[in-house]
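Here is a short report to read beside the model. It covers one residue, two pockets and one helix pair.

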Amino acid sequence: MTTMNILLLAVGVVLAYLLGSIPTSVWIGRVFFKKDVRNYGSGNAGATNTARTLGWKAGAVVLCIDVLKGVLAVFLSDYFTPDHFIKPQIIHYNVICAIMAVIGHVYPVFAGFKGGKGVATLTGIMFALLPWQTGAACIVFVIVLAISGYVSLGSIITALCYPFIVAFLPSILAPFMMSLPETFSSLSSVEVSEVIFSVAIAVFIPITHLKNIKRLLKGEERKLFGKKK
């Protein structure tokens, strides 16, 4: 690998971090509402706290942009991979850039290294890397949210289920994918780095939700647009 290739790969990693560092909720709150969402509610710079603090429209905008950050972090990383990289190598690099984007979201350089929990950005990344598996994970999230009303609980349970979905869904889908064009059938395959990434998500999300877990156990967690129990 040439020095130029290494330099391009490094630039891609740094850009992924900077992209993730865009503090959507903080900037929208300050510019349009003269508020820093981190000073209200849960103190989290994410879409859920934004919706509670600034309203559902602001929360929806933050959610969409944060998800888009994750998608772009994966897709843009392709432009920094050397031409001789084969598919597994490209995916490994996609995962590295994805991790940097999440780190940027949680520890944003543009907002004093105090950001969100990374769920929305991770969702965008997961859709970009593993659309079939992530679609199934979203169904799990919606079911848990509908039953419990807790976004945090939905995020935690979905994260814990994700490695199993990533590992086993391809074999479940395989018989159906065989009759489809290669573009679609390839979506059901999975690389080792993607499985490792899914396990990291199962560890990372609960850790970033430790305060939520404590509130859930005490019955003090707020439901979506609801009051404390």
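In which helix is Phe127 found? Phe127 belongs to helix 6. Keep in mind that this is a predicted model.

**Phe127**

Is Phe127 buried, partly exposed or exposed? Its relative accessibility is 35%, so Phe127 counts as partly exposed. The cut-offs behind this call are under 20% for buried and over 50% for exposed. Set aside the neighbours within four places in sequence, and Phe127 is in contact with Thr134, Gly135 and Cys138. Val74 is 53 residues from Phe127 in sequence. In space, the two are 9.7 Å apart, C-alpha to C-alpha.

**The two pockets**

The table sets out the volume, lining and residue classes of each pocket.

| Pocket | Volume | Lining | Nonpolar | Polar | Charged |
|---|---|---|---|---|---|
| Largest pocket | about 1000 Å³ | 44 residues | 21 residues | 16 residues | seven residues |
| Second largest pocket | about 420 Å³ | 18 residues | six residues | eight residues | four residues |

Start with the largest pocket. Thr48, Val119, Phe141, Val151 and Ser155 are the lining residues that lie nearest its centre. Several helices each supply at least two residues of this lining. Among them are helix 3 (47-54), helix 4 (56-77) and helix 6 (119-129). Helix 7 (131-148) and helix 8 (151-177) also do so. So do helix 10 (192-208) and helix 11 (210-218).

Now the second largest pocket, with its volume of about 420 Å³. Of its lining residues, Asn44, Gly115, Lys117, Thr208 and Lys211 are the closest to its centre. Helix 10 and helix 11 each give at least two residues to this lining. Which helix gives the most? Helix 11 does, with four residues.

**Helix 1 against helix 5**

Helix 1 spans residues 3-20, and helix 5 spans residues 87-106. The two pack at an angle of about 35°. Their axes are 6 Å apart. Is the crossing left-handed or right-handed? The crossing of helix 1 and helix 5 is right-handed.

On the helix 1 side, the contact is made by Leu8, Leu9, Gly12, Val13, Ala16, Tyr17 and Gly20. Helix 5 brings Tyr93, Ile96, Cys97, Met100, Ala101, Ile103, Gly104 and His105. By class, eleven residues of this contact are nonpolar and four are polar. None is charged.

Notes
Residues numbered from 1 in each chain as written. Predicted model: local features only at pLDDT ≥ 70, side-chain atom pairs only at ≥ 80, totals over all residues. Heavy atoms only, no water. 1 Å grid on protein atoms, 1.4 Å probe; cavity = no way out; pocket = protein on both sides within 12 Å on 5 of 7 lines; lining within 4 Å. Points joined across faces, edges and corners; volume = space filled by probe spheres on them. Nonpolar A, V, L, I, M, F, W, Y, C, P; charged D, E, K, R; others polar. Axes fitted to C-alpha atoms, helices over the stretch in contact; angles between N-to-C directions. Left-handed = near helix turned anticlockwise from the far one by under 90°. Contact = heavy atoms within 4.5 Å. Buried < 20%, exposed > 50% of the residue type's maximum accessible area, 1.4 Å probe, protein only.
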